[in-house]
Amino acid sequence: MRTRPTRRDFLKIAAGAAAAPTILHAQEPSFQDVPPSERIQIATIGLGIQGQSDTRSALRVPGVKLVAVADVYDGRRTLAKEQWGDQVFTTRDYREVLARPDVNAVIIATPDHWHSQIAVDAMKAGKDVYVEKPIVQHLDEGERVIECARQTNRILQVGSQRVSSIVYAKARDLFRAGAIGELNLVEAWINRNSPTGAWQYSIPPDASPETIDWDRFLGRAPKRPFEPVRLFRWRNYQDYGTGIPGDLFVHLFTGIHFVLDSLGPTRATVTGGLRYWKDGRDVPDVMMALFEYPKTSTHPAFTLSLKVNFAEGAGDNQAFRFVGPDGVLTIGGGAVTLGKRGRPKDPGHTADTFSRAMQSAFLKEYRAKYPDVPELRPGTEEVFAAPPNYSEQVEHFRTFFTAMRSRKPVVEDAVFGFRAAGPALLANLSYFEGKPVGWDAEKMKRV
């Protein structure tokens with residue numbers, strides 16, 4: 001069991017912090033210009049909103065080239081050539097991408113119901129894999145993906161970039177140094193007050209059975225007549241997505257597990273409902289969840305409170321807080337803020353109800369026990385911010401490509417990724433079954 005640093009140890013770490021944010025500088029990359037022989041050639045499977053964002057971020061890392069794109073919608077394959085050149089190979093069938101010897105790695109940014117199958121197929125084809133979160137759509141898929149990664153010895157990294165962020169690394173250092181004392185609560189909330197924030201994505205005017213490979217999109221999902229809203233707004237449907245937990249909770253679990261070196265919770269209790277976006281979707285637009293984490297060698301037992309709200313009037317904001325008796329770590333806006341409460345804690349008093357003589361005697365003893373030490377006064381803040389134009393998504397791809405070259409494992413591998421996805425999928429089970437659901441974080445199984 002790790003020995004927790006003292007308050008004095010933490011003050012050494014935080015020494016020099018002033019009212020202005022302390023800028024956290026990313027570690028310089030180990031290479032700038034990569035020789036052609038060391039270039040990595042990638043393909044993107046699923047060039048929607050996240051696929052395009054991922055591809056642009058990947059190509060900001062030196063020595064990376066896009067050679068192929070697969071998407072079931074013709075317009076996105078046309079866009080791939082418009083953005084990255086006519087030399088980019090495009091297809092509706094991702095298997096044609098996997099058959100290409102010039103593809104070293106794939107970015108999987110498809111709807112969730114395709115994640116595990118394409119990841120397994122890609123690793124068996126000898127490709128390294130960057131797969132968007134959640135790594136799987138259903139709990140029973142996790143073991144298969146993990147085992148395939150082990151057997152093929154391929155690099156697999158899940159696309160929840162917080163494990164590569166210098167902000168989360170700083171939060172992890174502060175927590176380990178005892179900045180907030182013994183953790184007792186983690187809370188997070190995300191409010192989205194816009195149609196696109198609630199997954200009301202645009203549908204192209206040319207969407208038709210001629211421009212879309214409908215059967216390929218459906219895959220293992222139930223067969224149904226052509227309905228383009230289900231492709232372009234797939235997150236709204238259980239057949240293809242994982243709702244709020246798979247889109248947003250999993251990011252929060254990734255950050256929590258990284259900062260705390262945690263395996264995960266033991267129980268989920270979830271409520272919510274469809275309050276505003278009654279547009280045909282079959283997943284809730286408001287969810288509130290409680291997760292119970294057991295005591296481990298890296299953290300005490302604590303409760304995690306999560307809330308996501310897409311209903312109108314909620315505003316657009318989010319926060320992520322680690323709460324302890326001595327302070328609060330708040331992550332958001334490209335920074336981690338340490339709000340210090342001070343220790344020992346001054347409990348306050350009601351001595352003004354005593355006689356003046358008793359007040360004087362009481363306060364003399366009280367101040368001896370709880371001295372007014374300036375450096376321990378509550379209400380002070382220290383802000384540690386990422387530098388301007390810093391992108392944790394680019395850093396996450398840099399981590400992935402570095403691992404490809406070194407063949408050394410990444411933090412957010414199949415096991416880590418499933419331990420973040422598992423509790424998120426558990427949240428859906430709790431919501432739809434209407435009861436608390438148990439989870440064995442070590443064995444990664446529902447109990």
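# Exercises on sheets and helices

An open sheet of six strands runs in the order β4-β3-β2-β5-β6-β7, and its pairing is parallel. Keep in mind as you work that the model is predicted.

**Exercise 1.** Which strands stand at the edges of this sheet, each with a single partner strand?

*Solution.* Start by writing down the order β4-β3-β2-β5-β6-β7. Now look at the two ends: β4 (89-91) and β7 (156-158) each have a single partner strand, so one side of each is left without a neighbour in the sheet. You can add a detail about the twist: neighbouring strands of this sheet are turned by 20° against each other on average, direction ignored.

**Exercise 2.** Find strands β2 and β3: how many bridges pair them? Then look for the helix that lies across β3 and β4.

*Solution.* Strand β2 covers residues 40-45 and strand β3 covers residues 64-70; six bridges pair them in the parallel sense. One pair to locate is Ile-45 with its bridge partner in β3, Ala-70. The helix is α3 (residues 74-84), which lies across β3 and β4 and runs at about 170° to β4.

**Exercise 3.** Helices α5 and α6 pack together. What is the angle at which their axes cross, and are the helices roughly parallel or roughly perpendicular?

*Solution.* Two numbers help here, since two packed helices are described by the angle between their axes and the distance between the axes. For α5 (residues 115-124) and α6 (residues 142-152), the axes cross at roughly 10° and come within 10 Å. Angles under 35 degrees count as roughly parallel, and α5 and α6 are therefore roughly parallel to each other. Next, find the residues that meet: Ser-116, Gln-117, Val-120, Met-123 and Lys-124 come from α5, while Arg-144, Val-145, Cys-148, Ala-149 and Thr-152 come from α6. Sorted by type, the residues of this contact of α5 with α6 are five nonpolar, three polar and two charged.

**Exercise 4.** Repeat the reasoning for α2 and α12. At what angle do they pack, and which residues make the contact?

*Solution.* Helix α2 (residues 49-58) and helix α12 (residues 392-406) pack at about 65°, and their axes are 8 Å apart. Angles of 65 to 115 degrees count as roughly perpendicular, so α2 and α12 are roughly perpendicular to each other. The crossing of α2 past α12 is right-handed. On the α2 side the contact is made by Gln-50, Ser-53, Asp-54, Ser-57 and Ala-58, and on the α12 side by Gln-393, Val-394, Phe-397 and Phe-401. The residues of this contact of α2 with α12 comprise four nonpolar, four polar and one charged.

**Exercise 5.** Move to the sheet of eleven strands. How do β12, β13 and β14 connect?

*Solution.* First place the strands: the open sheet has the order β1-β15-β14-β13-β12-β8-β11-β10-β9-β16-β17, with mixed pairing. At its edges stand β1 (22-23) and β17 (445-446), each with a single partner strand, so one side of each is left without a neighbour in the sheet.

Then follow the chain. Strands β12 and β13 pair in the antiparallel sense over four bridges, and a hairpin joins them through three residues. Within this pair, Arg-321 stands opposite Thr-330 in β13.

Strand β13 (residues 327-332) runs antiparallel to strand β14 (residues 335-340), with six bridges joining the two. Their hairpin has two residues between the strands, and Gly-333 in the turn has a positive phi of about 65°. Among the bridge partners in β14 are Ala-335 for Gly-332 and Val-336 for Ile-331.

Finally, add the helix: α7 (residues 166-176) lies across β12, β13, β14 and β15, running at about 170° to β13.

Definitions and conventions: Residues are numbered from 1 along each chain as its sequence is written. This is a predicted model: local features need pLDDT of at least 70, side-chain atom pairs count only at pLDDT 80 or more; totals for chains, interfaces and linings use all residues. Side-chain values use heavy atoms; hydrogens and water are left out. Axes are lines fitted to C-alpha atoms, for helices over the stretch in contact, and angles run from 0 to 180 degrees between N-to-C directions. Angles under 35 degrees count as roughly parallel, over 145 as roughly antiparallel, 65 to 115 as roughly perpendicular and the rest as oblique. A crossing is left-handed if the near helix is turned anticlockwise from the far one by less than a right angle, and right-handed if clockwise. Contact means heavy atoms within 4.5 Å. Ala, Val, Leu, Ile, Met, Phe, Trp, Tyr, Cys and Pro count as nonpolar, Asp, Glu, Lys and Arg as charged, and the others, Gly among them, as polar. Two strands pair if DSSP finds at least two bridges between them.
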